[in-house]
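User: I am a first-year student and would like a close look at one part, chain B, and how it sits with its partner chain. Please take me through it step by step.

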Amino acid sequence: MSQVMAPPWLDVLDETIAACVTHRRPDLEARLREKRAQQLDPKLRVLVVGESKQGKSQLVNALLNAPVCAVGDDITTTVPTFVQHADTPSAALVRNASARGSIFHTPTERIAVPIEQVTKQVSTARSQHVVRAEIGIPRALLDSGLVLIDTPGVGDTRSAHTASTFATLMQADAALLVSDATGELTSAEMTLLKKVMEACPNVTVVVTKIDLVPSWRTVVERNKALLARAGVPAKLIPVSSALRLRAAKTGDQRLNNESGFPELLACVQRDIVASADLLARRAVAVVASSAISQLVTPLREELTAHDSSRTAATISTLQEAQRRVDELRRRSARWQNVLNDEMADLISDVEYDLRDRTRKILREVDKTYDEADPAIGWDKFEQWLEDNLNEAATTNFAWLMERAEWVAAKVAKNFPVYREDLIPGSVLPDDLLEPVGRLEKPKIEPFSIPQKLFTGLRGSYGGVLMFGLVTSLAGMPLINVISLGAGALFGGKSILDESDQRLKRRQAAAKAAAQRHVDDFFMKFSKDVRDSGRHIQRSLRNHFSTLAEEFQETLLESARSAKRAVQDDQTERERRLREGRKELDKLVTLYKRVQALGGPAMELSA
Amino acid sequence: MTLDRVVWSMLQEALAVYRDSPRATGWLRSHIERYTEPVRIAVAGRSRIGKSTVVSALIGDEFAPLNSFVWYRNGTEPRAHVFSGPGRPHEVAVGRRGGRHHVEIGQFDRADRIVVEWPARTLRDVVLIDTPAEASPEQVLGEADALLYLMRHVQDEDLKYLQAANDHPIARTAAVHTVAVLARADEIGAGRIDALSSAKQIARRYRRDVAVQPLCQNVVSVAGLLAVAAKTLREDEFAALRSLASLGREELEDHLLSADRFVGEQFPVPMDPAVRQALLERFGIFGVRLITALIRQGFDTQVKLTGQLVQRSGLGDLRDSIAIHFTERREILKARSALLALDVLFRMEPRQNARKLMADLERVVASAHDFRELRLVAALQAGRTKLPAELQAEALRLVGAEGTTSLARLGFDYEADQREQREALLDALVRWQAQAADVHAPNDQRRAAQIVVRTCEGLLPQLS
């Protein structure tokens, strides 16, 4: 065949990318595109990861027999270091041109540095925005396009290092997880291992520093058991970098064999370099299947929840609207009752109050005119009565107003919804408190001097005659001293009697006049109060029923629109459901093809 | 009244208030008893970090590790008791096998606590508690006054543990009870001959690290195996090591490259592989390398070698740290534990008539000068409060960051007499009073200076 055939995984990957575009997932798309570019690149990236101080950099150095990575007792590796093949040794630091920014998608600059200095520069590069170091050396191991990536330790207190390690993880084709032999794999390391497996399925666990630990074989056995229990299909190779480096220095082949590196190199050759295509397929399968499952999950949820979620939302809007209409009706009965009851109470209370006040005034009048003479100071009395009645009326009316406002508030409280303008501004009739007619002055008969004279004479006449007759028996003349004296006495008395009677009459007349006036006032004013009460009641009722009607109309409208929405939804939904099914079928087919590439077996069905 | 007297009387008062509650009385009585005891130091850390090794090194006798809480306290003769569930403790035997002491708890499948009484000089001032790896910080600190936390390198998990250990309002105002230990210092340097000095440098860096500093009083590095070896080096072992050292450096080097080679077949010195295996287990490959190097350098008697090992393994530093931060501050640590216990009591059984005590508790925590000193130390070390460089060191010294004796506070490195100390103190007092009254200084500096002045004033009566 003259044409170069694209590897099968490329088709699948491209289709997956297309699916991501259709489903509007630019994030997944970017990730897959990155993977695609990386897989098309003939380089094989092998990531060396692990917790800090496990001997990662030393492992890289020992693999290459060259001190290319910074090693030391404290935390030394601060940025990922990429070691790849070059005909002449070279090194460069890659820095972010801008001060801040992520590892990708920001302009970076490469600064060439002498290869002897690169380790020093890397370990002191903390603050210079160095993103990674790149080293090229001539080594047969790297000839086939192998790139070893030394990473900062995971779980270090400086979290930035950890972050850059995970960022590099995305680009890896295979990984070497480094754990030293001084202890078995910790739970943190197991978590790390699983995390690495997710992004890059080809992981080999390397147990380092076996020269230091007498019991390294037990540790290796325990680690194998741990991996088996966790179901992690990773190989485990024990090595000693110190022995390997020393063997390289002295050319001691036996020591080299003891270091365990021949096995590790063979493993790298066999599992990583030689099976690049298998690796690619596996890596693509993992990334693609994870992307497809991410696409499928929301789609399936949408399909199953279509009836229940979207329609349910519309239906619940409808139900809510209807419920609120009912609620409004039920509650309008309530507020009307409240209004009627309260107003009836109010009017009777106010009337009683008014009656009470007028009676008090009348009692005062009675008391006054038991003693006083209406002839004297009538004008003053009239003024007093008028003032008192006015005061009673004002107080009573103020009370009415207060109560009316209270009633309005109470009704508002019983109203189904709250609004700013719920309480009416004014419920008052304007034409209130028309003055009652003036107090009628009672008729007062004056007791004049001739009247007094006449009354005195009439009284004295009887006295003179009575005593004159008695004394005439004693031989005295009819008109004598005694009879004249008695006459004067009688006359005086009858004048007194007469004026007393007249006073009583005047008082009675005054009381009657006051009574009448107060009655008139009461009649007139209580009528007014009743009228205003009814007026208030009417205006409140009008106010609230207008509001209620408005509400009802709004609610009914929303209920109607909800109903329309439910009906519209039905057709729309069916269309979407069909489309969704089709999409899902397509994704499932794609997923099966991905599975065929050799990804992890995961269950996925339509 | 000093802090410990105040707290003591609070404990007594609480006992009177809660006399009708058996649980509370039991709790208070145990704390009153604890108040007069030596400082209890818990040794904690991840599994296989070397907790039992460090405990053994401190005691000076090697004990086989046990997977439960093991208390080592002073006693006239070796004895051990197992506390398992409710009921009386059972006495068990302490045997000796292969140079190690074994507490024979065979018949108890689970022990809550094992208490070993042991005649040792270290245990006169402290009670050491070896803890199982899976114990939570609450369990560990419930019984202990202070904490030695062992780790390799400071990792997030370690910081979380230390944060949890400080996660209490009273504990936070008085974070004075932790010393972090870089255990297995020999492994940090990948077994190179200079591993221990580089481990010391790393410890020094962590001491200044902003994440680590507020959580502990000090960071020291210790090579556990070497420290134990230093204290328990036997005649026959020393002889074997000397015969190894008699070999040339180059000749031996090849056979010390790895543990496997050391116990391998072709060995230049006629020495039973079993002996070599035993040496390896006791000292590690690093230990053998270091000891043979030391013997070659002239530390060729057991006494000389032991002195070197104590110093190089970091055991000396660890002991000094324990002395400065724990035993010398016994009163404060005990008061702190008692205050925590009272706080627990008041929260578990709140009472009307304990109101006054609760207010007292708050006042003591907020105002005790000892706590204030410690808070200032923490603030200065963490950089929350900044003083000019020359004042910072003096302030730290005066408030007792380097020791609480008057000599240490005043910075004398020789036994100065009363008069000399008094003059130095008066000089410092006048200068710090001026600093406290300096209107141009920021508020936090003035407040720090006030605390230093108060410390100096407290020292004055001791020196007159």
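Analyst:
**Chain B and its surroundings**

The contact between the two chains takes 27 residues from chain B and 20 residues from chain A. On the chain B side, at least two residues each come from helix H5 (156-165), helix H7 (185-188), helix H8 (195-208), helix H12 (259-262) and helix H13 (273-296). Sorted by class, the residues of chain B that touch chain A comprise 12 nonpolar, six polar and nine charged. Please keep in mind throughout that this is a predicted model.

Turning to chain B as a whole, its fold contains 22 helices and 11 strands, and 40% of its 464 residues count as buried. Among the contacts in chain B with a separation of 6 or more, 73% join residues that are 24 or more positions apart.

Nine strands of chain B form an open sheet with mixed pairing, and their order across the sheet is E4-E3-E7-E2-E8-E1-E9-E10-E11. Strand E4 (90-92) and strand E11 (218-221) of chain B stand at the edges and have a single partner strand each, so one side of each lacks a neighbour in the sheet. On average, and with direction ignored, neighbouring strands of this sheet are turned by 25° against each other. For one pair within the sheet, strand E9 (residues 146-151) and strand E10 (residues 178-182) of chain B, the pairing is parallel and runs over five bridges, with Met151(B) standing opposite Leu182(B) in E10(B). Helix H3 (residues 51-59) of chain B packs on the sheet, where it touches strand E1 (39-45), strand E2 (69-74), strand E7 (113-118), strand E8 (126-130), E9 and E10 of chain B, and the direction of H3 makes about 160° with that of E8(B). H5(B), which also supplies residues to the side of chain B that touches chain A, lies across E9 and E10 of chain B and runs at about 170° to E9(B).

Further along chain B there is a pair of packed helices to examine. Two packed helices are described by the angle between their axes and the distance between the axes. For helix H16 (residues 330-348) and helix H17 (residues 355-367) of chain B, the axes come within 11 Å and cross at roughly 145°, and the crossing of H16(B) and H17(B) is left-handed. H16(B) contributes Leu339(B), Leu342(B), Asp343(B) and Phe346(B) to this contact, while H17(B) contributes Met358(B), Leu361(B), Val364(B) and Val365(B). By class, the contact of H16(B) with H17(B) has seven nonpolar residues, no polar ones and one charged residue.

Finally, consider the interior. In soluble globular proteins, nonpolar side chains tend to be buried together. Here the largest nonpolar core has 195 residues, and those with the most contacts inside it are Ile41(B), Leu128(B), Tyr149(B) and Val181(B), together with Val46(A) and Ala175(A). The largest share of this core, 12 residues, comes from helix H11 (residues 276-371) of chain A. Apart from it lies another core, of 32 residues, which includes Leu339(A), Tyr369(A), Leu385(A) and Phe522(A).

Key
Residues numbered from 1 in each chain as written. Chains lettered and ligands numbered in written order. Predicted model: local features only at pLDDT ≥ 70, side-chain atom pairs only at ≥ 80, totals over all residues. Contact = placed C-beta atoms within 7 Å. Helix = DSSP H or I, 4+ residues; strand = E, 2+ residues; numbered from the N terminus. Nonpolar A, V, L, I, M, F, W, Y, C, P; charged D, E, K, R; others polar. Axes fitted to C-alpha atoms, helices over the stretch in contact; angles between N-to-C directions. Left-handed = near helix turned anticlockwise from the far one by under 90°. Core = buried A, V, L, I, M, F, W, Y, C linked by C-beta atoms within 7 Å. Buried ≥ 20, exposed ≤ 12 C-beta atoms within 10 Å, placed from the backbone. Pairing = 2+ DSSP bridges.
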